[in-house]
Amino acid sequence: MDHQLLIAILLLSPLVGFVLNGTRFRSQNYVLAGAIATGAVVVSFICSVMLMLQLIDADPEHRRLTATFFEWIAVGGLKINAGFVVDQISSIMILIITGVGSLIHLFSIGYMHHDKGVTKYFAYLNLFIFNMLILVLGDSLVTMFVGWEGVGLCSYLLIGFWFSDSAKAAAGMKAFITNRIGDAAFIIGMFILFFTFGTLNMYELNALAPTVVEASWLGAATLGTLMLFIGATGKSAQVPLYVWLPDAMAGPTPVSALIHAATMVTAGVYMIVRLNPMFVAAPNTMMVIAIVGAVTAVMAATIGLTQFDIKKVLAYSTVSQLGYMFLAVGVGAFGAGMMHLMTHAFFKALMFLGSGSVIHAMDGEQDIQLMGGLKKKLPITHATFVMGWLAIIGFPLFSGFFSKDEILWQAYSSPRGSVFLWMAGALGATLTAFYMTRLMALTFWGGSRVPKSVHPHESPAIMTIPLIVLAILSVVGGFVGVPHVISEYLGHIPNFWEHWLEPVIRRLPEGVSEHSATEEWGLMATSVTLALVSAFTAYRIYTNGKKTNEQIAKAFGPVYNVVNNKYFVDEAYFGGIINPLVKQSQNLWMYIDVNFIDKTTHVIADMTKGVGSLARSFQTGNMQQYAMYIGLGVVTVLTFVLMR
Amino acid sequence: MTDAILFWFLALVTIGAGLSVVLMSNPIYSALCLAMTMVGVSALFVTMGAYFLAGVQLIVYAGAVMVLFVMVLMLFDLKHEIQAFTRGKITGAVKIGTVGILAGLIVGAITLSSKVMELAKSAPAAAATGKTYGDNTMSLAQNLFLQNVFGFEALGVVLLVIAVGTVALSRSRGGTHARD
Amino acid sequence: MPETNFITTIGLEHYLVLSAVLFSMGMAGVLLRRNLIVLLMSVELMLNAVNISFVAFSKYNNNIEGQIMVFFVMTIAAAEAAVGLALAVSIFKRFKEVNIRFFEHLKG
C-alpha cells in the first residue's frame, strides 16, 4: 500500500476513535467504548508494522517515508508543512506507541469497566495516541510541538481524570504547569534555532548541524539545544522539573503505564535523538544533559527507596530510568538511549499494568505495607512482574541488562563520558535493584499483611494477556541489540539495533576511544554483581520482615528523613518560587489592580454611562421628535451650504 | 396678465387648503381640504402645460388616494379630536421655528439664485417654439416607454408587492380566514 | 427688474416658492399633528409640493424628464398611502387608537 495513505490512516485512526467516543462520552457501555478505542489503536499498529516492513525492504541509505499533506504555515521565511516522516528513529517509536498502546487499551477495558466515565477515558487515551504520533512523526520542530502540547493536554486530562478529588485535580494542574515551564524554554529554543539556521525542519537542521563547531556556552547551537533540553526536562521529568511525575500517579494506572512510563515521558529523549547531529555540535549541552541524567538517575532512585505507595515507587523508578536515557544521549550513545527507551517501555509498562492488576485485586489499595504474600493469590501477575523485575535490575540476558549495560559502558568509554558518570550510573543501578526487590518482597513475597476485609483475586484474562505479552517482550526485547563482546559467546548474534540506526546517528567528532574487551567485561561484572548483591540484601531485609520500617528509619536517622521527604524539593519550590510569586501577585492585585486599574476603568465606565444617559434622553420613542431632529439637521446643513 | 391672476388665485387656494389640512382638528375636514389642495395642484399643472399629469393627478390623488383616506376615516369613525396637536411649548416652538427657517432658507435661496433667474428668462423662448398638448403627452409617453421602460416595469413590480403586502397587513383575524 | 413684474409676470421662482411653502406646511403637519391619518395626509402634501417644483423645472428647463419623475413619485405616493393606511388599520385594530401619543413604545 502507498506509504502516504498508510501514514494518513496511522494518524487518523486514533483521531476517529477519539471523535467516536468523545461524541458519546456519557455512555457507560465499556465494551463498545473499549472496542472502538482499542480497535483504532490496533489499526494504527498494523499500519506501523506495514510501514516498518516497507522501511526494511528499502535501501539502507534511503529509509525514509515522507507524507506532506498540506502547507500549514507560510509566513516570510518560515515555511511549515503538515509533513510526517517515518524513518529509522520514528518507526521504532510508532511501533512502541501503537504496540504497547494497544496492549494498554486492552488492559484498560478490564481495569476501567466499573468507572462511570469510561467512554471519556477511552476518548482521552485515543486523543493521546493521536498527539503522540504527531509528536513522533512531525518533520519539523513546530509540528512536533503541536503533538508535544497535545500530549501535555491529554496528560493533564488523564491525571485529573477523577477530578472530583481535589488532590488529583491539583496533581493534573501541577503536571500541566510544570510542563508549561519546559514548553516555554522549548519555544525559545525553536526561536534561537530558526533565527540562526533559518529553518525548523529537522532534516534541514540536521543537515546544517555539521557546519557548526561550537565550544563556547553562548553559541546559537548550544543555547538553542540547551533550551530544547530544558523543554525535554519538563516533558521527561528530569531534575529540576521532575516533581510532577510522582504526583501524576493520581491518574488511572493504565494511564501511568502508557503516558508516564512508556511513551510521553520518553518524548524528550526521542527529541534529542531525532536532532542528534545538532546536539553533537554542542558539546556543552551534551555535558549538561549527561550530568542532569546521572543526577536524576541517582536522586530519584534514592527517593524510591523510601516510598510505600506501589505506584510512587514505580514513578520514581521511571524518573530514574529516564535519567539513564539522558545519560546515554548525553555521552553520545544515542542508539543505547533509544534502546533503553524501548526496553524500558516494555518492562515499565509491564510493571505499571502489573501494579494496576494488584491494585485492582486489592480493591484500590496502593500501600505496599498492607500487601505481602500476594504471590499465591495472583500467580500470573506475580510471574509477569518477576520478568519485569529481572529486566529492570539488569539480570543478565534480560532486556534491561543489554540496554543498561550498554549505557554504562558508553558512559565510561565514550570520549564525552567519564568514570564519574559510570559510577553514578552503577550506583543508580545498585539502588534500583534494591528498591525494586524491596517492592517485590513487600508486595508479593513474605507473609501476608492484607486486611481481613480484602480478598485478592487474579484479574480477568483481558488484563493478564497484555501482561503476558509485555513480559515476553521484556525478556527477549534486548536481543535486538546485543553488544559485540557478549555476542561472541552467543553465536555471533548481529547487533541489529546499531545497524538499523547507523545512518541517522551522527558519530562524535572526537572519534572512538580505544578500550579493551577486558575492561568492558570488568565493568559489566562489577555493575551486575553490585546489583545482585543489593537485590539479595533487600530480599533478606524485607522478606523475613524481621527489621521493621521504624528500625530502618532509626538506623539512618536524619538521612532517611530527608530522603523520605523527597529532599524537600517540593517544599523548596513552594518556599522559594511559588509562595513569593503568589504573595507578589496578591500585592499587585491589591495595590495595582484594585486601586489603579479597576478605578480607572470604573471612571471610564461611569463617563460612558453618563454620556449614554444623556443620549438616552433623546430616545423618547416620540417619532415626531425624531422628525424634528431630521428637520433641524436639514436646516443646519442647508445653512452651512448656503452661507458658504 | 390672465395667467398671473390664475396663478395667484390657485396659489391662494392651494396654500389655504393646505393650511387647513394641518390646522383642522377634525380629520374629515383635513381630508376634504387635502382633496381641495390636490385639485389646486392639478390646476397648477395645467398652467404649466403638463396636461396629462394634471389628469393623472386628479384621477390618482383626488380620486383614488383621497377615497382611501376617507374610507379609513370612516372605518375608524373618528370625531373631533381632543389632542390634535403635540404638547410641549418649547418643542412646539422649536418645530415651528425649524419649519419656518427651512422655508425661509429655501425661499431665500430661490430668490438669490442666479440659475433660477436665468431659467426663468429662457422659458418664454421655449414656449415660443410652440409646445402643444399633443406632443407633450406623446413625448412623455415616448420617454416613459423608451428611455425609462425599466423603471416603469420596476414600478409595476413594486405596486404588485405593495398590493400583496397591504392585504397581508390589514388581513382580518377572524372571519372566513380565521387561523387563530 | 421692476417691482410690478413680480405680481404680473409669473416665472419659475413663483412656482418654486409656492412649492417650498406647501412643503413647509406639510412638514409642520408631520411634526405637530398627532392623528396618524392626518400625518399621512401631511406627507401627501409634501410629496405634492415636490411634484410642483418638478413640473416647474421641467417646463423652464425644457426637459420632459421632470414630468416622468412626477409620474413615478405619484405611483410611489399612492403605494405609500396604501401601505401607510394598512399599517394604520392594523395599529388601530390593536390599540383602538390612532393618536401616536399612545405608541411611544421605543422609549430608551
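This report covers confidence, the contacts between chains, the helices of chain B, a hairpin in chain A and some backbone exceptions.

**Basis and confidence**

This is a predicted model: local features need pLDDT of at least 70, side-chain atom pairs count only at pLDDT 80 or more, and totals for chains, interfaces and linings use all residues. Residues are numbered from 1 along each chain as its sequence is written, and chains are lettered from A and ligands numbered from 1 in the order in which they are written.

The model scores ipTM 0.87 and pTM 0.69. pLDDT is the predictor's confidence in each residue, from 0 to 100. Chain A has a mean pLDDT of 88, with 99% of its residues at 70 or more. For chain C the mean is 85, and 93% of its residues reach 70 or more. Within chain A, mean pLDDT by element is lowest in helix α24 (residues 549-556), at 74, and highest in helix α4 (residues 118-137), at 94. Elements here are DSSP runs numbered from the N terminus: helices are H or I with at least four residues, strands are E with at least two.

**Contacts between chains**

Two residues are in contact if their C-beta atoms, placed from the backbone, lie within 7 Å. Chain B gives 70 residues to its contact with chain C, and chain C gives 63 residues. On the side of chain B, the elements giving two or more residues are α1 (2-23), α2 (27-47), α3 (51-76), α4 (89-112), α5 (114-128), α6 (133-147) and α7 (149-169). The largest share, eleven residues, comes from α3(B). By class, this side of chain B has 50 nonpolar, 17 polar and three charged residues. Ala, Val, Leu, Ile, Met, Phe, Trp, Tyr, Cys and Pro count as nonpolar, Asp, Glu, Lys and Arg as charged, and the others, Gly among them, as polar.

The contact of chain C with chain A takes nine residues from chain C and ten residues from chain A. The side of chain C divides into five nonpolar, two polar and two charged residues.

**Chain B**

Chain B has seven helices and zero strands. Of its 180 residues, 22% are buried. A residue is buried if 20 or more other C-beta atoms lie within 10 Å of its own, exposed if 12 or fewer, and partly exposed in between, with C-beta atoms placed from the backbone. Among contacts in chain B between residues at least 6 apart in sequence, 54% join residues at least 24 apart.

Two helices can be set against their expected span, which is 1.5 Å times one less than the number of residues.

| Helix | Residues | End-to-end C-alpha distance | Expected span |
|---|---|---|---|
| α2(B) | 21 residues | 30 Å | 30 Å |
| α3(B) | 26 residues | 36 Å | 38 Å |

Helix α3(B) has a kink of about 30°, centred on Met66(B). The bend at a residue is the angle between axes fitted to the seven residues ending there and the seven starting there. Met66(B) is also buried, and so are other residues of α3(B), including Leu53(B), Tyr61(B), Val65(B) and Phe69(B). The buried residues of α3(B) pack against α2 of chain B, and against α3 (36-61) and α4 (65-95) of chain C.

Both helices are followed by a positive phi. Gly49(B), just after α2(B), takes about 85°. Asp77(B), just after α3(B), takes about 60°.

**A hairpin in chain A**

Strands β1 (residues 64-75) and β2 (residues 78-87) of chain A run antiparallel and are joined by nine bridges. Strands pair if DSSP finds at least two bridges between them. Glu71(A) has Asn81(A) of β2(A) as its bridge partner. Two residues lie between the strands, and Gly76(A) takes a positive phi near 55°. Seven of the ten residues of β2(A) are buried.

**Backbone exceptions**

Most residues other than glycine have a negative phi, and most peptide bonds are trans. Lys566(A) is not a glycine, yet has a positive phi of about 55°. Lys566(A) lies in the loop between α25 (558-564) and α26 (569-616) of chain A. Is Lys566(A) buried or exposed? Lys566(A) is buried, because 20 other C-beta atoms lie within 10 Å.

Asn62(C) has a positive phi of about 60°. Asn62(C) is in the loop between α3 and α4 of chain C. With 16 other C-beta atoms within 10 Å, Asn62(C) is partly exposed.

A cis peptide bond joins Val239(A) and Pro240(A), with omega about 5°. Pro240(A) sits in the loop between α8 (220-235) and α9 (244-247) of chain A.
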